[in-house]
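Dear colleague,

I am handing over the structure we spoke about, and I would be glad if you could look through it alongside the notes below.

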Amino acid sequence: MPKNKIEVKNVTLVFGKNRERALKMLDEGKSIQEIREKTGTAVGVNNVSLEIEEGEMFVIVGLSGSGKSSLIRCMNMLNVPTRGELLIDGENICEYDKKQLRALRRHKVSMVFQHFGLLSHRTVLKNVEYGLEVQGMADDERRQKALAAIEMVGLKGWESYFPRQLSGGMKQRVGLARALTNEPELLLMDEPFSALDPLIRRDMQTELLSIEDYMDKTIVFITHDMNEAFRLGDRVALLKDGELVQVGKPGEFFENPANDYVRSFIEDVDKSRILRVKTVMRQPVVQAVDKDYVTDVVRRLKENERDFCYVTNDKKELLGYVELETLMDVNQGDVSSFIVKEFESITRNSFLAETYSKLDESNYDVAVVDNKNCLRGVINHEDVVSALSG
Amino acid sequence: MIGFPESLRFEISEPIDQCVNWLLINLEGLFDAISRTILSIFNAVEWVLNILPWWVVIIALFYAGWKLYNLKTGIVLSVMLFCIGLFGLWDLMIYTLVIVIISVMVSLVLGLPVGILMAKSNLAKQIILPILDAMQTMPSFVYLIPAVMFFGFGKVPAVFATTTYAIPPLIRLTYLGIANVNREVIEAGKSFGSTSAQMLFKIEFPQALSAIMTGINQTTMMAMAMVVISSMIGAEGIGEQVLISIRRLEVGQGFQAGLAIVFLAIVLDRVLQGAAVRLKETE
Ligand SMILES: Nc1ncnc2c1ncn2[C@@H]1O[C@H](COP(=O)(O)OP(=O)(O)OP(=O)(O)O)[C@@H](O)[C@H]1O
Ligand SMILES: [Mg+2]
């Protein structure tokens with residue numbers, strides 16, 4: 001069982017002067033609109049509890065003003081919760097003194113901002129170095145780390161440019177590189193892609209996913225776009241008026257929406273109820289027939305860097321799959337005796353919305369079959385999400 | 001209108017006089033020290049300006065105008081300065097320039113910390129803002145009175161009066177520059193664990209630099225205006241020339257000196273603005 005990186009425990013955040021009274025009114029069950037009118041305070045986060053696992057990409061989604069920024073900014077104490085606890089690695093960061101807080105921000109948590117938050121008087125390199133510079137790291141060492149981060153986000157060659165000379169997408173790459181150079185365990189991203197146009201945005205999403213994959217960090221990501229949320233999130237939390245409405249894997253939102261609000265929210269993603277699997281699936285890169293020789297299949301799998309493939313009979317009926325690992329040790333005969341027969345498949349006419357439960361768990365290509373159980377293609381989570389957000 | 005009743009009187013002039021007298025008697029040493037410091041800085045700056053041959057100054061100005069703007073500006077600016085020389089006002093101009101330079105220097109030393117303080121402390125802001133407002137609406141020659149009281153006649157009170165008159169825009173723009181640094185940029189700085197000193201020197205100050213440069217420019221222009229008026233308390237310089245012409249009703253002389261002041265102001269303004277723009281580009 002993976003351990004929790006962040007635990008948000010009954011966090012409430014109130015802005016303004018009359019906080020005690022606002023808290024009291026919250027306890028009495030008054031609405032935040034009423035509290036705002038009576039006390040002039042704004043309730044940003046209202047009694048939210050969450051657990052974010054280590055290594056997870058956790059997406060917080062909600063309309064403008066729903067308290068997303070307020071909440072994520074509690075995670076590095078840019079906002080101090082009015083009530084409740086916020087634990088990172090089991091330590092309540094609300095009780096940190098200045099020094100501990102600085103250490104937390106320098107070594108453990110980095111943030112990427114919606115409007116980039118770049119230092120306009122510094123070059124790309126100097127921006128990316130900033131986090132290490134304030135730690136007092138030696139020039140050479142921090143330069144090296146910064147250059148590595150710049151290369152990772154694909155900005156090699158732009159080190160000596162100033163932020164104003166870059167496009168929005170590039171600026172946000174700088175923001176990302178700057179956050180990554182500190183080698184944080186936790187990356188907070190507050191609507192990092194909202195200011196970018198759709199194409200660049202897709203690029204950045206893909207890139208973030210690959211960086212996440214490669215570096216294995218815990219990421220808290222904020223967006224107001226349900227499509228982005230489902231595309232990126234391992235788990236998603238939906239906020240409304242500072243309150244947590246539902247949290248779970250993307251699929252769970254479609255299977256069991258908590259209430260009408262969630263339902264109306266995912267209605268925006270109505271493509272999932274229109275698009276059918278057959279319009280999204282791909283042809284498998286490698287496919288075998290039960291009479292194929294093991295050596296032949298192994299060669300093709302290796303050539304295409306696959307670790308398994310589906311096997312059909314000569315009428316294209318799906319029998320199961322074979323794994324490279326099992327075949328490696330064998331060097332004669334055909335594959336028929338190595339077929340694994342327990343597997344998931346999806347019918348080609350089902351709606352994308354119905355595929356979530358099968359696709360979420362694995363990043364495998366899942367077989368798509370027609371009603372005669374013939375293999376027609378494969379599909380994975382990525383295909384579905386990109387189809388829905390495109 | 002019916003006259004204001006004679007019996008209703010509460011004047012603040014008396015207590016102010018008493019206060020000033022008290023200061024004069026009790027802080028004599030302090031004023032002496034200030035006086036001596038300003039004088040020695042004055043002499044140093046004057047010495048530097050005086051060892052520069054006039055043509056070096058003009059060529060340098062031409063070069064600056066050319067590099068900062070274009071060839072035409074370089075020519076126009078250096079011709080203006082050349083005219084001041086032709087009018088026979090070169091030495092007086094140097095003198096005026098020294099007072100302006102020192103006033104701006106003192107303004108920087110005092111104004112930057114005050115501006116920063118205002119941006120950091122709400123209390124300081126609430127106290128100082130109205131004072132700045134008052135200072136900027138006060139007629140300029142009111143500043144001559146305390147200058148004379150504390151420092152007598154000559155260049156020291158001129159520097160004092162000029163600085164007092166010219167410092168508000170620098171303070172105000174330093175404050176505004178720092179207070180208006182983009183919120184996200186500030187948060188980015190904090191989120192990487194900067195200390196307050198790192199925030200100030202690595203983020204806030206550099207981000208406010210262009211506002212501060214504007215402040216320096218405005219302060220310089222105000223100092224130019226005040227240095228002319230300071231001639232009434234014995235500051236030598238081009239302003240003195242204007243004053244003499246007024247007394248003697250020499251229209252031509254007066255106009256010529258006035259024109260020289262305008263030229264000098266334009267030269268200073270252009271050079272400072274150009275430098276500010278250049279700084280913004282290369283920073
Ligand atoms: N510094 C602040 N002072 C007072 N009220 C605030 C402050 N920051 C946020 N709020 C209030 O808290 C509520 C939540 O704001 P928040 O910025 O967290 O929303 P959000 O979900 O991030 O919205 P957006 O998508 O527009 O960024 C809003 O009602 C807002 O007015
Ligand atoms: Mg926000």
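The notes below cover the ligand site and then the nonpolar core.

Please keep in mind throughout that this is a predicted model, and that every value quoted here was computed from it.

Around ligand 1 there are 13 residues, of which A:Ser64, A:Gly65, A:Lys68, A:Ser69 and A:Ser70 come nearest. Three side chains place a polar atom beside an oxygen atom of the ligand: for A:Ser64 the distance to ligand 1 is 2.5 Å, for A:Ser69 it is 2.6 Å, and for A:Glu191 it is 2.9 Å. Ligand 1 taken alone exposes 620 Å², and the protein buries 65% of that area.

As to where the shell around ligand 1 comes from, strand E2 (42-53) and helix H3 (68-72) of chain A each supply at least two of its residues, with H3(A) giving the most, namely 3 residues. By residue class, the shell around ligand 1 is made up of 7 polar, 3 charged and 3 nonpolar residues.

Turning to the protein interior, the largest nonpolar core has 55 residues, and those with the most contacts inside it are A:Leu176, A:Leu208, A:Phe221, A:Phe253 and A:Ile379. Helix H7 of chain A (residues 168-181) contributes the largest share of this core, with 6 residues. The core also draws on both domain 1 (54-70 + 95-275) and domain 2 (287-389) of chain A, taking at least three residues from each.

With best regards

Technical notes:
Residues numbered from 1 in each chain as written. Chains lettered and ligands numbered in written order. Predicted model: local features only at pLDDT ≥ 70, side-chain atom pairs only at ≥ 80, totals over all residues. Heavy atoms only, no water. Near = heavy atom within 4 Å. Polar contact = N/O pair within 3.5 Å; in protein donor to acceptor, adjacent residues only side chain to side chain. Areas by Shrake-Rupley, 256 points an atom, 1.4 Å probe, with all protein chains shown as cover. Helix = DSSP H or I, 4+ residues; strand = E, 2+ residues; numbered from the N terminus. Nonpolar A, V, L, I, M, F, W, Y, C, P; charged D, E, K, R; others polar. Core = buried A, V, L, I, M, F, W, Y, C linked by side-chain atoms within 4.5 Å. Buried < 20%, exposed > 50% of the residue type's maximum accessible area, 1.4 Å probe, protein only. Domains from an automatic or database assignment.
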